[in-house]
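Open the model in your viewer and keep the sequence panel beside it. The stops below say what to select and what is there.

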Amino acid sequence: MDTAHYERYKLSNIKIFCISLVDAKARRESILVMRKNLGLNLEIIDAIDGRKKSKAEMQTITKRPIRWNCLNGHRDEMKTPTEAACSLSHISVWERMINENLEHAIIIEDDVTCQQNATLNKAKDADFVYLSPRANRNPNGEACAPIWGAEAYYLTNTCAAKLLEINQELRMPVDIQWLPQMESLIESGFFLTAFTDKNLHILKAYALPNIFSLNNHHHNSQIRERN
C-alpha cells in the first residue's frame with residue numbers, strides 16, 4: 001500500500017450514527033453492545049417511520065419532492081413510503097453533519113455488526129467509502145458493481161453536501177440514487193449510469209467491504225420494507 005495516498009483512522013476515532021426505528025428494541029440492544037465492547041463514539045438516530053404512512057403523508061414531512069414511480073417502470077424507482085422514509089432518515093444525518101461541521105462520519109443501519117475496533121485505510125481522495133460486504137471493489141479499491149446497500153458507509157463533510165444535492169428530489173431509494181453519480185461506476189459503464197446527471201456532483205467512491213457485516217436482523221428489515 002502506498003501510504004502517502006492513504007489516511008488511517010480507528011473506528012473509535014470517528015463519529016458513528018446508527019439509524020434505527022424507535023421500536024426496534026432487539027436491534028438497538030445489539031448496537032449498544034457493540035458500542036460498549038468496541039468503545040465506539042456511536043449515537044443512535046431515530047429513523048423516520050414510513051410503515052403506516054401513505055405516499056401523500058410522506059410528502060408532507062419533507063420539502064424535497066418525492067417522485068414516485070417516475071422511471072418508467074425501472075426496477076430501481078422509488079415505490080414505497082418505507083423507501084422514502086429510509087432516504088429521509090439518511091438525509092437527516094447528512095444535514096446534521098453539515099450543521100455541526102463534522103469533518104467526516106460513519107453512518108450505519110441497525111442490522112450490522114463489527115467484531116473489532118478496525119482501522120480504516122482510506123484513500124485521501126475518497127468522498128465516500130462502503131464498509132460492508134455487499135460492496136465490491138476494483139483493483140484500485142474503487143467501488144464497482146455488483147453493489148447494494150446503505151447499511152454501513154464512511155463519508156466526508158464535502159460528500160454530505162454533494163449527497164444533499166444529488167437527493168434534492170427523491171427518485172430512487174437512498175442506496176440507489178447515489179450510484180449514477182459515482183465516478184468509478186460511470187467509467188465502468190454500469191447500467192444505472194443511464195441516470196447520471198452531469199449537472200450534479202460526481203462522487204469518488206471506494207469500498208472496504210470487511211469492516212461491518214450484516215447480522216441476523218438483516219432479513220427482517222423494519223427500516224425499509226420491500227414489496
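Select Asn101 in this predicted model. Its relative accessible area is 61%, and the cut-off for exposed is over 50%, so Asn101 counts as exposed. Asn101 sits in the loop between helix 3 and strand 4 (104–109). Check its backbone too: phi of Asn101 is positive, about 55 degrees, although the residue is not a glycine. Most residues other than glycine have a negative phi.

Go next to Asn72, in the loop that runs between helix 2 (55–60) and helix 3 (81–99). Asn72 is another non-glycine residue with a positive phi, near 55 degrees. Is Asn72 buried or exposed? With a relative accessible area of 81%, Asn72 is exposed.

Now select Ala145 and Pro146 together and look at the bond joining them. The peptide bond from Ala145 to Pro146 is cis, and its omega is near 0 degrees. Most peptide bonds are trans. Pro146 belongs to strand 9, which covers residues 143–147.

Move to Arg137 in strand 8 (residues 135–137). Arg137 has a relative accessibility of 43%; partly exposed covers the range between 20% and 50%, so that is its class. Which residues does Arg137 touch, leaving aside those up to four places away in sequence? They are Glu142, Cys144, Ala207, Leu208 and Pro209. Then add Ser184 to the selection: it is 47 residues from Arg137 along the chain, and the two C-alpha atoms are separated by 9.5 Å.

Zoom out to the whole chain. Its secondary structure consists of 6 helices and 12 strands. The radius of gyration is 17 Å, close to the 17 Å that the globule rule gives for 227 residues, so the chain is as compact as a globular protein of that length. Along the principal axes, the C-alpha atoms fill a box of roughly 50 × 40 × 35 Å. Of the 227 residues, 54% count as buried. Among contacts with a separation of 6 or more, 77% join residues 24 or more positions apart.

Switch on the surface, then colour by charge. The accessible surface is about 10600 Å², and carbon and sulfur atoms hold 46% of that. There are 28 positive and 28 negative side chains, with the centres of the two sets 3 Å apart.

Finish by colouring by pLDDT. The chain has a mean of 94, and 94% of its residues reach 70 or more. Select residues 221–227, where pLDDT is below 50; this stretch has 27 contacts in the model beyond near neighbours in sequence. Where pLDDT is low, the predicted coordinates should not be read in detail.

Methods
Residues numbered from 1 in each chain as written. Predicted model: local features only at pLDDT ≥ 70, side-chain atom pairs only at ≥ 80, totals over all residues. Heavy atoms only, no water. Helix = DSSP H or I, 4+ residues; strand = E, 2+ residues; numbered from the N terminus. Rg over C-alpha atoms; globule rule 2.2 N^0.38 Å. Buried < 20%, exposed > 50% of the residue type's maximum accessible area, 1.4 Å probe, protein only. Contact = heavy atoms within 4.5 Å. Areas by Shrake-Rupley, 256 points an atom, 1.4 Å probe, with all protein chains shown as cover. Lys, Arg positive; Asp, Glu negative; His and termini not counted. Charge placed at Lys NZ, Arg CZ, Asp CG, Glu CD. pLDDT = per-residue confidence, 0-100.
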